[in-house]
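Here are my notes for a colleague meeting this structure for the first time. Keep the viewer open while you read.

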Amino acid sequence: METPVRTTHHAEAAAAFLRDEENVDWHNETLWFVRSKRDKAAAVLPEWEDLREQASRIKNHTLSRLDDYLLELEKNAQQNGITVHWASDADEHNRIVLDIMRQHNATQVVKSKSMLTEECHLNPYLLKHGIDVIDTDLGERIVQLRNEPPSHIVLPAIHLKKKHIGDLFHQHLGTDAGATDPQYLTEAARIHLRQKFLLADVAITGVNFAVAETGGFVVCTNEGNADLGAHLAKVHIACMGIEKVIPKGEHLGVFLRLLARSATGQTTTTYSSHFRRPAPGQTMHLVLVDNGRTRQLASPDFRNSLKCIRCGACMNTCPVYRRSGGHSYHTAIAGPIGSILAPNIDMKQYADLPFASTLCGSCTNVCPVKIDIHQQLYKWRQVLGEAGAVDPAKKVGMTGMDFLFSRPGLYRFAGRAGRRLMKLFPSLANNGSLNPWAVHRDMPKPPVQSFRDWYAEQEKK
Amino acid sequence: MKVGLFIPCYIDQFYPQVGIATLRLLQRLNVDVTFPMEQTCCGQPMANSGFEKLATGCDRNFVRNFADCDAVVGPSGSCVLHLKEHLHDEQHPAEAAHLRDNVYELCEFLTDVLKVEQLPPVRFPHRVGLHTSCHGQRGLGLSSASELMKPKFSKPERLLNMVDGLELITLAHPDECCGFGGTFCVFEEALSAKMGKDRVADHVRHGAEVITGGDMSCLMQLEGTLRRQKSPVRVMHIAEILTADV
Ligand code: SF4
């Protein structure tokens, strides 16, 4: 089994991923298949583009009055008997969750998919404090057993093939060596997880949408694992980023249709479970987490990234993500959206991510809530450039470039000299160790004359 | 209408034949076109690297050169998009605004301003793959994008269909990025090269003899990849095909 790539620079991690080209092609095609399914599911709705517009407007409106809607959510949730907690950052979120566990003397937790808890690194925190936490989404359980983060927000183990999973289950769940039959492996996982569900004291779920008007929330899964966990355990803790609130129940009609079609091309997610109040004998907690979101909200250039409904469509369409793998982004949320969210959390650590893009704009077009993702990548580059978070050599180079391009005479001279040099030393220009371009590609053949020289000659004639 | 011909720096230096073809095409369509001699670059390389603010001298030089033109036309969607979105000159804000509103990519200018329905007779009997460049497509709206559920159209394709004998091939991924991406092509060398390789393979698999497009930077990426593979497939800018018989 290969060891997962852990490096802090996207380009290096991508280059490492690309070494196994056959695997890259498979990864690329698998995600493109999901994108194609999304296209088909979207194309059958004549109102698709209207739905995106509506979703975008509802989210924009909500963000413009986020404080009001959050307080409304809190009030209504409390009236329903849900205990509401506020966490300003990841640490506070983790502490709140641990405190609830301790109050209930809980040691066994089952958790359905929640990117927020990934963002907060809840699992290692709980483990450190003696709590056994089991991810119950099949893909998440797989990466948990491998001791690595998910590589995709909807398809956590999409970087792995059946063979890897067979080996992993053989090692951890005692399945037959060399088994790759999905039916057999899934059945083994099902039996393994059933035991965990039955033993759990506490169930943690994410939240896809919290409805201010009703104080309830909706959790979408394809495996029913959130429901099973939440219904069996005495305590249900739902964790959400504060941007997950929407004003009214009727808005779910817009978002649920967009989410499933954008994420996997399904017409609807298999389970869209509505939680309103704890069952008799159960307690229910809702943890509202900021962790940098209000900072993002305060920034007009980056605010609308908070519209994200975590469908993953921007990853599936991204020609970079498909060929570099989710782990190359070294952040909980990979791909284009991750690259505009992560620098808000730590500008230095994630300074490489806004550059891990060609700015092709496919992400922006595919996004169901119309986040201008590629424009924000461009804007982050400017912020990082000004903050000095970009390689200083780059800045020197760019200053030199402007010097050159604002002096037409010098530009003409440099162009002529450069072309002459390339002619004299073609092997130098095509030497990969001096010129990264030339590792896999040839340089253009330098012409005798620039366009401008030709034009000047014509004018004289 | 006085039209300024904008030939981006790398086309000027490496692909003069594209500049020549663009000029000839405009002249054949009776456009009053001049080439301001002191022009250099649109400023995109600096801006895309995070140093938009360092491109002020470059921007100013652009405004100085083109301020007296009614429209500016260039054979590069990416540079044109950059100018449309980011050209600024604090000392001449009105001129910069005028230029932002009146700078056109070549196919856009032919289709939307000149409203070309028919080209001066031109024949190009080859199987041609059209590379749809992202900035032209999604940025300038030169063609519909596969992600959007909107009516399909393509300005470059419409122009190519006016060429006698030309056969456009169908691609598996008609609007996938070529991986050039400005400085991305060196900072993410491995990834960029792989994207170029995949893009070229799509054209080759579908029988292209010639790959064309409206953006020479993407075409440079595809050409560099093809040359390294010693492929016989040629790369030509759309302006060269639209003036193929000259
Ligand atoms: S940014 Fe848009 S496309 Fe990407 S995950 Fe969020 S909602 Fe989906």
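The points below go from the overall layout to the details.

1. First, a caution and some overall figures. What you are looking at is a predicted model. Chain A has 461 residues, and buried ones make up 60% of them. Its C-alpha atoms fill a box of roughly 95 × 55 × 45 Å along the principal axes. If you count secondary structure elements in chain A, you should get 22 helices and ten strands.

2. Now for how chain A is connected. Take the contacts in chain A between residues at least 6 apart in sequence: 73% of these join residues at least 24 apart. A pair to try in the viewer is A:Glu148 and A:His327, which are 179 residues apart in sequence, with their C-alpha atoms 9.1 Å apart in space.

3. Stay with A:Glu148 for a moment. You'll find A:Glu148 in the loop between α8 and α9 of chain A. Is A:Glu148 buried or exposed? With a relative accessibility of 6%, A:Glu148 counts as buried; the cut-off for that is under 20%.

4. Next, move on to helix α9 of chain A, residues 162-173, where A:His164, A:Ile165, A:Gly166, A:Leu168 and A:Phe169 are buried. What covers them? The cover over the buried residues of α9(A) includes two helices of chain A, α8 (138-145) and α10 (182-199). Just after α9(A) comes A:Gly174, with a positive phi of about 70°.

5. Domains come next, and the two chains can be taken in turn. In chain A, the assignment gives domain 1 as 44-295 and domain 2 as 405-460. The C-alpha centres of these two domains of chain A lie 55 Å apart. In chain B, domain 1 covers 2-113 and domain 2 covers 127-242, and here the C-alpha centres lie 22 Å apart. The contact between the chain B domains takes 26 residues from domain 1 and 20 residues from domain 2.

6. Strand β10 of chain A (residues 283-289) deserves a look. Six of its seven residues are buried, so β10(A) is largely enclosed by the rest of the structure. Which strands pair with it? One is β1 of chain A (residues 83-87), parallel to β10(A) over five bridges, with A:Thr83 opposite A:His285. Another is β7 of chain A (residues 235-241), which runs parallel to β10(A) and is joined to it by seven bridges. In that pairing, A:Met240 has A:Leu288 as its bridge partner.

7. Chain A also has an open sheet of four strands, ordered β8-β5-β6-β9, with mixed pairing. Which strands stand at the edges? They are β8 (245-246) and β9 (271-275) of chain A; each has a single partner strand, so one side of each is left without a neighbour in the sheet. At the β8 end, two bridges link β8(A) to the parallel strand β5 of chain A (residues 209-211), and A:Val211 has A:Ile246 as its bridge partner.

8. Chain B has an open sheet of four strands too, this time in the order β6-β5-β7-β8 and with parallel pairing. Its edges are β6 (167-168) and β8 (234-237) of chain B, each with a single partner strand, so one side of each has no neighbour in the sheet. The partner of β8(B) is β7 of chain B (residues 210-213), in the parallel sense and over four bridges. To find the match-up on screen, look for B:Val210 and its bridge partner B:Arg234.

9. On to the nonpolar cores. The largest has 79 residues, and the members that touch the most others are B:Leu26, B:Leu110, B:Ile241 and B:Leu242. Leaving aside residues up to four places away in sequence, B:Leu242 touches several residues, among them B:Leu25, B:Leu119, B:Val122 and B:Leu159. There is also a second, separate core of 64 residues, and it includes A:Cys308, A:Cys314, A:Ile337 and A:Leu353.

10. Last, the ligand. The residues around it include A:Cys308, A:Cys311, A:Cys314 and A:Cys367, along with A:Ile337 and A:Arg310. Sorted by class, the shell has ten nonpolar residues, one polar and one charged. Of the residues around the ligand, A:Cys308, A:Cys314 and A:Ile337 also belong to the core of 64 residues.

Terms used
Residues numbered from 1 in each chain as written. Chains lettered and ligands numbered in written order. Predicted model: local features only at pLDDT ≥ 70, side-chain atom pairs only at ≥ 80, totals over all residues. Heavy atoms only, no water. Domains from an automatic or database assignment. Pairing = 2+ DSSP bridges. Near = heavy atom within 4 Å. Nonpolar A, V, L, I, M, F, W, Y, C, P; charged D, E, K, R; others polar. Core = buried A, V, L, I, M, F, W, Y, C linked by side-chain atoms within 4.5 Å. Buried < 20%, exposed > 50% of the residue type's maximum accessible area, 1.4 Å probe, protein only. Contact = heavy atoms within 4.5 Å.
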